[in-house]
Every structure is written in structure tokens, then in C-alpha cells.
Amino acid sequence: MKCAVIGNREHGQVPTSEIAAILNGIDAAVFVIDGDRHILFENKAAEELFGGGLEGENFVRALRHPDCLMAIDSVLGGKRKVQIPVVLTSPVKTTYRLTVTSVPEEDTGGAAAVVSFDDISHISEAEQMRSDFIANVSHELRSPLTALSGFIETLRSSAKDDVAARNRFLDTMKREAHRMNRLIDDLLSLSKVEVNEHVRPTDKVDLPAVIKKVTSGLSPMVEREKKTIRLETPEQRLDPVAGDEDQLTQVFQNLIENALKYGNPDTEVVIGIAEVESRDKLSDRMLAVDIADRGPGIPAKHIPRLTERFYRVDDSRSRDKGGTGLGLAIVKHIVNRHRGRLQIKSEQGVGSTFTVLLPIEG
Ligand SMILES: Nc1ncnc2c1ncn2[C@@H]1O[C@H](COP(=O)(O)OP(=O)(O)O)[C@@H](O)[C@H]1O
Ligand SMILES: [Mg+2]
């Protein structure tokens, strides 16, 4: 069969050297095959992916993949174009969009089809994330809704004439309704932050003032959670950061609430604000805000995932405390928008410190 290929080459090189150079320049793996599925040409990307020296061989030598071979055969059998997703597991699991296109008959030097593999892993990952997110949101909304429906039924039947039980159920129902409200608020915040994440905020924000406002707003929670908050600010006035005050309020509200929620009772949450030198290119001066709690700490393996949506270390504790699991995801997006950084340090049995670094204005 090799002869057939060589025979075809009498019409000239397939593809011509100019076209071969162009095909070698693209990222997708590309093969040109003849009507008998023999490879006339493979570009550089194809050589890297499937190995070189395949010219003259049957395509099966490059890839023995039933769907792929079927796609090729149907194009060789008369179809103009076939496009299917193909997952290859070697060398690493990758999703490709396989496109087989027929080459119009005249003057092709034997080329019958072009087979190309585009890496679409990033697209399929994004799709996967989107569908996971929708599944998570539905699940998070369904639990309080199920509880509410259950209580409504009970109130209509067995608890109809029991005033004490009725009040208890109504309290729980109120809590569940609040949970749904918080979840929706957080989802809206998240989508709002994502929309303008690439637009850097320009207002001047006095960070110690923002933090003082947040802590005084949280005083009922401080009392409920049996904690104290200590704020450590330097004597001299700190320069403002370039920021969005509402969003920065949200950041510190989330982080301080977490420290209050997850810290042990009768402990202190220490908030330190200081100017630090930065190694970032964007700004050489930054403000660092540390929020340190005394609590169970977070096992190291969870730390890189804490800012994922709905990621919780201890699911039931987070839910008990009314958490949505979205707080740190929102924090991360806001800090990114500010070209800042979020650092998390934690020691099990001792506590955690969340540090937000924000570039100083100007
Ligand atoms: N200060 C902290 N100490 C211990 N665990 C924490 C702390 N802050 C956050 N976490 C863990 O990170 C998870 C995600 O935090 P977050 O996104 O704010 O969600 P939540 O709504 O549960 O507070 C929490 O569920 C908790 O398990
Ligand atoms: Mg939280």
C-alpha cells in the first residue's frame, strides 16, 4: 500500500512544501490521508502527539480509536465533514475535537481527507465546572426548600393545634428561609464580582476605617459567639488603597465572620493592619491585613481548595453556622479584582490566619 502513496506523490508533494510549512505552524495535530486511510502527511503537532514516521502507514497505526476510525471512514465514504469529541488517555487524559473533512477531488495528489485534533480540554473543563456549579446550587437550594415543605405539611396536620410546636416549627422555617436568602445574596454577589473582575477599582479607600466599621457591625455576633476582637493598627496614618469600598467591606465581613464562627469560644480574633514591602510588579507598597483566630485550624490538604465555590472543610459545621460555602470564593474574586493577594496559614489545633494584601494607591 505504501506504493500507492508514493505513486500519488508523482503528482507532486502532498501537501506542497508551502502548505506543509503552514500546517506545521498550527497547534492542532493534522493528518492528510488518502482514500485508503493512508497517511500522506502529518504535521509537527501530530508527530509530537502520535509519534513521527507515520507517513505511508495506515491511520490505524497512529490511533486505534473506534470512533475516530468511524469518523474517517464515513468521510471517505462520501460525507463532507464529521466532527466528534475524542478523549485520549495517553500521555495525559485530554479531550480533543476531532474534525475529518473531505478534500474536493480535483488536483489533490491523492489527498482524500484532512484529520485534525484540537485540544478542547479547557472548554470541556469550563463546561464541567458550569454544570457542577448548577448542580451544587440546585442542591443547596433544595435542602431548605425540602425542609420548608415538610414543615408546612406538619403544620397543616399533626401540629395544627399544638401552639408550642407550631412556634418552634415557624422559627425553624424562618431560619431555612434566611438560609435561602443568604445563598441568593451570595450568588448575586459572586456573579457581580465576576462581571467586573478585570476592571481595577480606582477609589481611595481607608482600610482601617472599613475594618472598624465591619467589626462594630459584627458586635452582636461577637457576643453570640463568645469572642473578642482586638484590632492592631500602627500609630501613623496608613495610606489609602485603590479599591471599591463596598467590595472591601464584603471581604473583611466574610473573613472576620469566619474567624468568629470557626474560632473556639472564649478566644480572641486578632486583626492586624500594616504596610509591607511588595515584590509585585504592580505596586511596591502594600497594606497587609491579618485576621487570626484561635480555633481548630484547617488541615493543609484543604487549604488550596478553600476558595472554590461550596468547598467546606466540615460540611455540617458550616451549615449549622448558616454558611453558604461561597464566602471565600467571593473574597478571592474581589481580591483578584484589586490586584491583591490572599494568603492562608493554619496550624491544626492552634488556629488560622487569613492575610489580605492590597496595593497602596499611587
Ligand atoms: N477561620 C477559619 N477556621 C477554620 N476553617 C475555616 C475558617 N475560614 C473558613 N474555613 C473553612 O473554609 C470553608 C469555606 O469558607 P467560606 O467560603 O467562608 O464558607 P462558609 O459559608 O462555610 O463560611 C468553611 O466552610 C470552613 O470549613
Ligand atoms: Mg464564610
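At what angle do helix α7 (residues 207-217) and α9 pack, and how far apart are their axes? Keep that question in mind while you set up the view of this predicted model.

**Domains**

Begin by colouring the chain by its three parts, which are domain 1 (2-119), domain 2 (121-195) and domain 3 (200-362). If you place a marker at the C-alpha centre of domain 1 and another at that of domain 2, the two markers lie 51 Å apart.

**The α5 and α6 pair**

Next select helix α5 (residues 121-156) together with helix α6 (residues 163-195), whose axes come within 10 Å and cross at roughly 160°. An angle over 145 degrees counts as roughly antiparallel, and α5 is therefore roughly antiparallel to α6. The crossing in which α5 passes α6 is left-handed. To see the contact itself, show side chains on α5 for residues including Val137, Leu141, Pro144, Leu148 and Phe151, and on α6 for residues including Phe169, Met173, Ala177, Met180 and Leu183. Sorted by class, this contact of α5 with α6 holds 13 nonpolar, 2 polar and 4 charged residues; Glu140 of α5 and Arg166, Glu176 and Arg179 of α6 also take part in the contact.

**From α7 to α9**

Now move to α7 and α9, where the opening question is settled: the two helices pack at an angle of about 50°, and their axes are 9 Å apart. This angle makes α7 and α9 oblique to each other, and α7 passes α9 in a right-handed crossing. On the α7 side, display Val210, Ile211, Val214 and Thr215, which meet Glu245, Leu248, Thr249, Phe252, Gln253 and Ile256 in α9. The residues of this contact divide into 6 nonpolar, 3 polar and 1 charged.

**From α9 to α11**

Keep α9 selected and add α11, which packs with α9 at an angle of about 145°, again with the axes 9 Å apart. The crossing of α9 and α11 is left-handed. The α9 residues to display here are Gln247, Gln250, Val251, Asn254, Leu255 and Asn258, and they meet Gly327, Leu328, Ile330, Val331, Ile334 and Val335 in α11. Counted by class, the contact of α9 with α11 has 7 nonpolar and 5 polar residues, with no charged residues.

**Ligand 1**

Finish by centring the view on ligand 1, which has 20 residues around it, with Arg312, Val313, Ser318, Gly323 and Gly327 coming nearest. The elements that contribute two or more residues to this shell are α9 (245-262) and α11 (327-337). Which element gives the most to the shell around ligand 1? It is α9, with 4 residues. Colouring the shell by class shows 8 nonpolar, 9 polar and 3 charged residues. Gly327 deserves a last selection, as this residue is among those nearest to ligand 1 and also belongs to the α11 side of the contact with α9.

Conventions: Residues numbered from 1 in each chain as written. Chains lettered and ligands numbered in written order. Predicted model: local features only at pLDDT ≥ 70, side-chain atom pairs only at ≥ 80, totals over all residues. Near = placed C-beta within 6 Å. Nonpolar A, V, L, I, M, F, W, Y, C, P; charged D, E, K, R; others polar. Axes fitted to C-alpha atoms, helices over the stretch in contact; angles between N-to-C directions. Parallel < 35°, antiparallel > 145°, perpendicular 65-115°, else oblique. Left-handed = near helix turned anticlockwise from the far one by under 90°. Contact = placed C-beta atoms within 7 Å. Domains from an automatic or database assignment.
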